[in-house]
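Trainee: I should like to go through this model with you, beginning with a single residue and then turning to the sheet and the ligand.

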Amino acid sequence: MFSGIAHRYDLLNLLLSLGQDRRWRRRAAQLTRLRPGQSGLDICTGTGALAARLRARVGPQGRVVGLDLTEAMVAGARRRVAQVEFVVGDAVHLPFADDSFDAASMAFGLRNIADHQAALAEMLRVLKPGGRAVILEFSTVSRPLGPWYSLYNRTVIPVVARLLLGRAGAYQYLTESIAAFPAPMVVSRWLRDAGFEGVRYHRLSLGIVAIHIGFKAHG
Ligand SMILES: C[S@@+](CC[C@H](N)C(=O)[O-])C[C@H]1O[C@@H](n2cnc3c(N)ncnc32)[C@H](O)[C@@H]1O
């Protein structure tokens with residue numbers, strides 16, 4: 001499915017989030033707390049938008065890797081983002097050694113992975129002790145916004161998708177997967193079950209998205 005939308009992915013994100021997606025990724029990048037010279041991994045990197053922000057944080061002495069399962073997404077990322085190493089790979093079998101990265105991020109990826117516990121376990125494994133995971137994902141909106149948000153998801157998204165992609169199927173999946181994704185407390189439990197410490201989350205835009213954070217224990 002992601003191969004079929006790769007060429008319009010950034011424009012669709014911008015339109016459907018009313019420009020908020022950039023702000024959400026900027027906050028996620030800040031929350032990695034990556035510093036110059038450090039290393040970051042962006043899992044489910046798509047067209048590399050968050051990886052580019054990690055790159056800006058680590059500077060020329062640092063290293064950022066972006067990983068995605070879809071070749072067309074990775075090809076787009078390579079064209080758009082310089083100085084990030086992009087690899088095709090699966091979040092549930094990361095091709096990296098244990099304790100490799102100071103921070104690992106994932107934006108709008110977890111929702112698409114059936115075995116979320118395996119993906120979280122892999123994220124933890126490749127982090128260095130004390131390393132930080134930052135996961136940006138759709139969440140549960142606050143009550144007053146709820147009905148309007150569902151209406152927007154059910155009506156506007158399929159129309160915009162049909163206009164830009166010539167079909168609505170992919171974005172029907174988007175609306176269904178957003179509705180099916182659990183509340184942030186449940187995602188916090190997933191992180192704790194995977195072995196993360198200091199688990200917490202920030203809600204943004206009245207809960208349209210949440211940023212989940214967890215650490216790998218020292219030693
Ligand atoms: C909604 S896009 C998010 C892209 C990007 N992180 C962003 O913020 O725009 C989800 C991405 O996850 C990738 N993906 C889905 N399952 C994956 C898996 N098991 N391993 C790695 N990438 C995966 C898809 O190819 C797609 O590019």
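Trainee: Why does Arg 79 count as buried or as exposed?

Mentor: This is a predicted model, in which local features need pLDDT of at least 70 and side-chain atom pairs count only at pLDDT 80 or more, while totals for chains, interfaces and linings use all residues. Residues are numbered from 1 along each chain as its sequence is written. A residue is buried if 20 or more other C-beta atoms, placed from the backbone, lie within 10 Å of its own, exposed if 12 or fewer, and partly exposed in between. Because Arg 79 has 11 C-beta neighbours inside 10 Å, it counts as exposed.

Trainee: In which helix is Arg 79 found?

Mentor: Helices are DSSP runs of H or I with at least four residues, strands are runs of E with at least two, and both are numbered from the N terminus. By that numbering, Arg 79 is found in residues 71–80, which form helix 5.

Trainee: In what order do the seven strands form the open sheet?

Mentor: Two strands pair if DSSP finds at least two bridges between them. The edge strands, each pairing on one side only, are strand 3 (85–88) and strand 6 (197–204). The pairing in the open sheet is mixed, and the order is 3-2-1-4-5-7-6.

Trainee: How many residues of strand 2 are buried?

Mentor: Strand 2 covers residues 63–68. Five bridges join it to strand 1 (residues 39–43), and the two run parallel; Gly 40 has Val 64 as its bridge partner. Four bridges join strand 2 to strand 3, also in parallel, with Asp 68 partnered by Val 88. Strand 2 is mostly covered, the number of buried residues among its six being five.

Trainee: Which handedness does the crossover from strand 1 to strand 2 have?

Mentor: The chain passes from strand 1 through helix 4 (residues 49–58) to strand 2. A crossover is right-handed if, with the strands pointing away from the viewer, the path from the first strand over the helix to the second runs clockwise. This β-α-β crossover is right-handed.

Trainee: Which residue of strand 5 stands opposite Met 106?

Mentor: Strand 4 (residues 101–107) and strand 5 (residues 127–138) run parallel and are joined by six bridges. Opposite Met 106, strand 5 places Ile 135.

Trainee: Which residues come nearest to the ligand?

Mentor: A residue is near a molecule if its C-beta atom, placed from the backbone, lies within 6 Å of it. Of the 19 residues around the ligand, those that come nearest are Cys 44, Gly 46, Thr 70, Ala 91 and Ala 107.
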